[in-house]
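Colleague: I have a chain open on my screen and would like to go through it with you. Could we begin with the overall picture?

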Amino acid sequence: MSPSRVRHKWGSFDRLGNDGTVYRDFDSVDAFARVANRGKGGQGRDMPWTSAGARGRDRFSGGSFANAVKMARGDGWTAALPEIDATRIQGDGAGRDFEIVYDVSGADVDMGRLMSGEPDCMSEALLTAPRSPVVSVLVPFGFNCNVDESAMRKRGAVVAAVLEWSRATGVTVEVWAVKAGSSGGKNAQRYVYSVFVGDSRGAYNPAVVAYAVGHPTMLRRLSFGVQDGESTAMQKALGSCRGMSVPITTDDIPVDTAGGAVVLPMLLPRGDDPVTVDWLLEEVRVAAAG
């Protein structure tokens, strides 16, 4: 990849891929929403489909711009919470071990050490996680307008459930929401917005995870909002449809995926999502095993 902030005919971008793809990377869903909020005033350079809505209709976009920002920056997709709860993976934390640590303070006295005069005679059993590589899960949030909302909620619940499972089992998983598009035509130009959603090592809101990887406003309000702030050259090249969504790859995130990666397929209209909890768990396990 090229160094940060490269110049392109569409303006300044974070990265330029070896295949000519231009990338804009975001370190959180909150950051993505903030940039979208700044771009909203552009209204897409008079394009009919903007962050203000497809010709002003909330039905296509999945909700208002203000509500999209609210979900992204705090509340998350609360309507998906029942499905997230129902999808939770039951387990007992397999994969972790107890390590006995000795110090001058602790939960129990080691009489042998005490009688021998060792100051570190107190012991405590600490739960430790085995070292494991970071498995990157890439979830496309570009999809057809005919995809049913129930399929979106289901995918969000599956990803959130596997992220919680990874925290309990010691497998490190990070989730990225990725939008890849193309200008189409003979000299098609590919572009990507990559958004870091969270990982099992830090704090995250399952409802925000579900929002970022599945809610229609993540695409049709926030990504359109980011595009509203892009250069006129980029917007004209993408056209009124804002660029056709295309499949994503492991090159679409700005981190090394040597530890393993799982790339989810795009959601398709009027069909069952092949991404189930069992499928994603197995993919993560295989990636973690190397």
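Modeller: Of the 290 residues of the chain, 47% count as buried. Please keep in mind that this is a predicted model.

Colleague: How many helices and strands does the chain have?

Modeller: The secondary structure comes to 10 helices and 14 strands. As for contacts between residues at least 6 apart in sequence, 72% of them join residues at least 24 apart.

Colleague: Let us turn to strand β11. How many of its residues are buried?

Modeller: Strand β11 covers residues 172-182, and 11 of its 11 residues are buried.

Colleague: Which residues point which way from β11?

Modeller: Thr172, Glu174, Trp176, Val178, Ala180 and Ser182 point one way. Val173, Val175, Ala177, Lys179 and Gly181 point the other way, and all of these residues are buried.

Colleague: Why would they alternate like that?

Modeller: In a regular strand, side chains alternate between the two faces of the sheet.

Colleague: Which strand runs parallel to β11, and how many bridges join the two?

Modeller: That is strand β10, residues 134-140, which is joined to β11 by seven bridges. Within this pairing, Pro140 stands opposite Val178 of β11.

Colleague: What do β10, helix α6 and β11 make together?

Modeller: With helix α6 (residues 149-169), the two strands make a right-handed β-α-β unit.

Colleague: And which strands run antiparallel to β11?

Modeller: One is strand β12 (residues 190-199), joined to β11 by nine bridges. There, Trp176 stands opposite Phe196 in β12. Another is strand β13 (residues 244-245), joined to β11 by two bridges. In that case Ser182 is opposite Met244 of β13.

Colleague: Does anything else pair with β12, or rather, which sense does its pairing with β4 take?

Modeller: β4 and β12 pair in the parallel sense, over five bridges. Asp25 stands opposite Ser194 in β12.

Colleague: Is β4 enclosed or open?

Modeller: Four of the five residues of β4 are buried, so β4 is largely enclosed by the rest of the structure.

Colleague: What do β3 and β4 form?

Modeller: They form a hairpin with five residues between them. The two strands pair in the antiparallel sense over two bridges, and Leu16 stands opposite Val22 in β4.

Colleague: Where is Gly20 found?

Modeller: Gly20 lies in the loop between β3 (15-16) and β4 (22-26). In this turn, Gly20 has a positive phi of about 95°.

Colleague: How is Gly20 classed for exposure, and why?

Modeller: The relative accessible area of Gly20 is 25%. Buried requires under 20% and exposed over 50%, so Gly20 counts as partly exposed.

Colleague: Which residues does Gly20 touch, leaving aside those up to four places away in sequence?

Modeller: Gly20 touches Gln189 and Arg190. In addition, the C-alpha atoms of Gly20 and Tyr191 are separated by 8.7 Å, although these residues are 171 residues apart along the chain.

Colleague: A change of topic: at what angle do helices α3 and α8 cross?

Modeller: The axes of α3 (residues 65-75) and α8 (residues 216-228) come within 10 Å and cross at roughly 100°. The two helices are therefore roughly perpendicular to each other.

Colleague: Which residues make the contact?

Modeller: From α3 they are Phe65, Ala68, Val69, Met71 and Ala72, and from α8 they are Thr217, Arg221, Leu222 and Gly225.

Colleague: How do those residues divide by character?

Modeller: The residues of the contact between α3 and α8 divide into six nonpolar, two polar and one charged.

Definitions and conventions:
Residues numbered from 1 in each chain as written. Predicted model: local features only at pLDDT ≥ 70, side-chain atom pairs only at ≥ 80, totals over all residues. Heavy atoms only, no water. Buried < 20%, exposed > 50% of the residue type's maximum accessible area, 1.4 Å probe, protein only. Pairing = 2+ DSSP bridges. Right-handed = clockwise from strand over helix to strand, strands pointing away. Axes fitted to C-alpha atoms, helices over the stretch in contact; angles between N-to-C directions. Parallel < 35°, antiparallel > 145°, perpendicular 65-115°, else oblique. Contact = heavy atoms within 4.5 Å. Nonpolar A, V, L, I, M, F, W, Y, C, P; charged D, E, K, R; others polar.
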